[in-house]
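Reader: I should like a close look at a single part of this model, namely its aromatic rings. Please describe how the rings are arranged and what lies around them.

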Amino acid sequence: MKTEALVDEALQLLSDGIDGTAIIACSGGIDSTVAAVLAHRAVGDLLHCVYVDTGLMRLGESDEVREMFDEMGIEIKVVDASKRFFDCLDGVTDPEEKRKAIGETFIRVFEQEQKEVGAKYLVQGTIAPDWIESGGGERDVIKSHHNVGGIPEDIDLEIVEPLRDFYKDEVRDIARLLKITSSERQPFPGPGLAVRVLGNVTPDRVQTCRVACDIVERGIRRAAKEGECDLPWQYFAALLPVRSVGVHGDARVHGETIVIRAVTSLDGMSARYSPIPHEVLSKISTEITNTLKGQVNRVVYDITHKPPGTIEWE
Ligand code: XMP
């Protein structure tokens with residue numbers, strides 16, 4: 001279907017589905033941003049956009065999101081809920097439990113906002129792979145994406161999902177058509193860096209992962225710009241709960257492990273690992289271990305396709 005027709009379909013669904021105050025969580029990611037811009041077009045001031053600072057976002061991300069919405073002329077309220085998220089993740093290491101805890105906290109934060117504005121509807125940027133992979137059809141549960149699996153059953157909001165039948169590439173086309181600046185950003189999971197911090201999710205470990213992700217993103221972007229490799233579809237770092245002995249100067253250090261992940265994909269449903277040149281990986285590895293001295297002393301590269309792996313580590 002043509003992109004214009006997809007937009008019309010989504011606008012129709014929104015204006016048919018919403019007849020009162022609505023609220024949307026904008027993470028700055030492409031899916032929620034597209035959903036917010038479409039909903040704003042469909043229902044105007046009935047829509048309240050909220051950015052929840054979970055403490056699990058990438059470096060500089062909160063400021064970028066605020067600026068992006070300012071530039072689009074859409075009002076956005078920023079709620080700092082990081083303490084609540086770290087509290088709900090305290091001692092949780094099972095990936096599905098993490099997703100459920102984050103999803104639930106998200107909705108609870110929202111309920112507070114909902115009460116403030118009297119919202120009846122919750123607009124979500126759920127796309128097809130989110131619910132297909134969450135066991136929405138006949139398939140087995142692969143993982144419960146936070147905007148699907150974490151929704152408590154007692155939620156007092158009607159959910160509107162204008163992108164539910166669309167795939168990532170279609171959402172990207174819509175974003176380009178609507179001139180949304182985040183359309184060129186790489187995808188980022190709803191539960192944020194919690195997905196990329198294996199084991200305990202503490203503020204310190206999230207910060208380690210955040211810094212490593214930034215180094216990987218900058219290093220690969222620079223290499224692609226200088227023609228050393230193609231820009232992958234998605235590229236990031238994950239922090240593994242694996243400690244090994246390393247050496248810093250004369251001292252032996254028991255540090256953690258960062259894995260670099262870079263993949264090519266069309267829609268995230270399947271992916272191939274990107275053959276990033278060793279020289280590029282080597283520079284990134286050195287920058288990570290220098291910057292995170294004492295915390296990370298080993299960097300490894302993931303050469304698994306999806307399937308059998310997934311794109312994220314969690
Ligand atoms: P996986 O790890 O399942 O990821 O191969 C496929 C794509 O989906 C992104 N991803 C998510 N996106 N909410 C999202 O909106 C989520 O909970 C979520 N989990 C993974 C992932 O980054 C990749 O692009």
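Author: **Aromatic rings and their contacts**

Arginine 58 lies over the face of phenylalanine 188, at 4.0 Å from the ring centre. A charge counts as sitting over a ring if NZ of Lys or CZ of Arg is within 6 Å of the ring centre and within 35 degrees of the ring normal. The charged end of arginine 196 is likewise placed over the ring of phenylalanine 236, 3.8 Å from its centre.

The model is predicted: local features need pLDDT of at least 70 and side-chain atom pairs count only at pLDDT 80 or more, while totals for chains, interfaces and linings use all residues. Residues are numbered from 1 along each chain as its sequence is written, and side-chain values use heavy atoms, with hydrogens and water left out.

Rings of Phe, Tyr and Trp (its six-membered ring) pair if their centres lie within 6.5 Å; planes under 30 degrees apart are stacked, over 60 edge-to-face and the rest tilted. By this rule there are three aromatic pairs. In one of them, phenylalanine 85 and phenylalanine 106 meet edge-to-face, 5.9 Å centre to centre with 70 degrees between the planes. This pair links distant parts of the chain, 21 residues apart: phenylalanine 85 belongs to helix 4 (residues 82–89) and phenylalanine 106 to helix 5 (residues 95–117), helices being DSSP runs of H or I with at least four residues, numbered from the N terminus. Both phenylalanine 85 and phenylalanine 106 are buried, that is, under 20% relative accessible area (1.4 Å probe, protein chains only). Ring pairs join Phe85, Phe106 and Phe110 into a cluster.

Technical notes: Helix = DSSP H or I, 4+ residues; strand = E, 2+ residues; numbered from the N terminus. Buried < 20%, exposed > 50% of the residue type's maximum accessible area, 1.4 Å probe, protein only.
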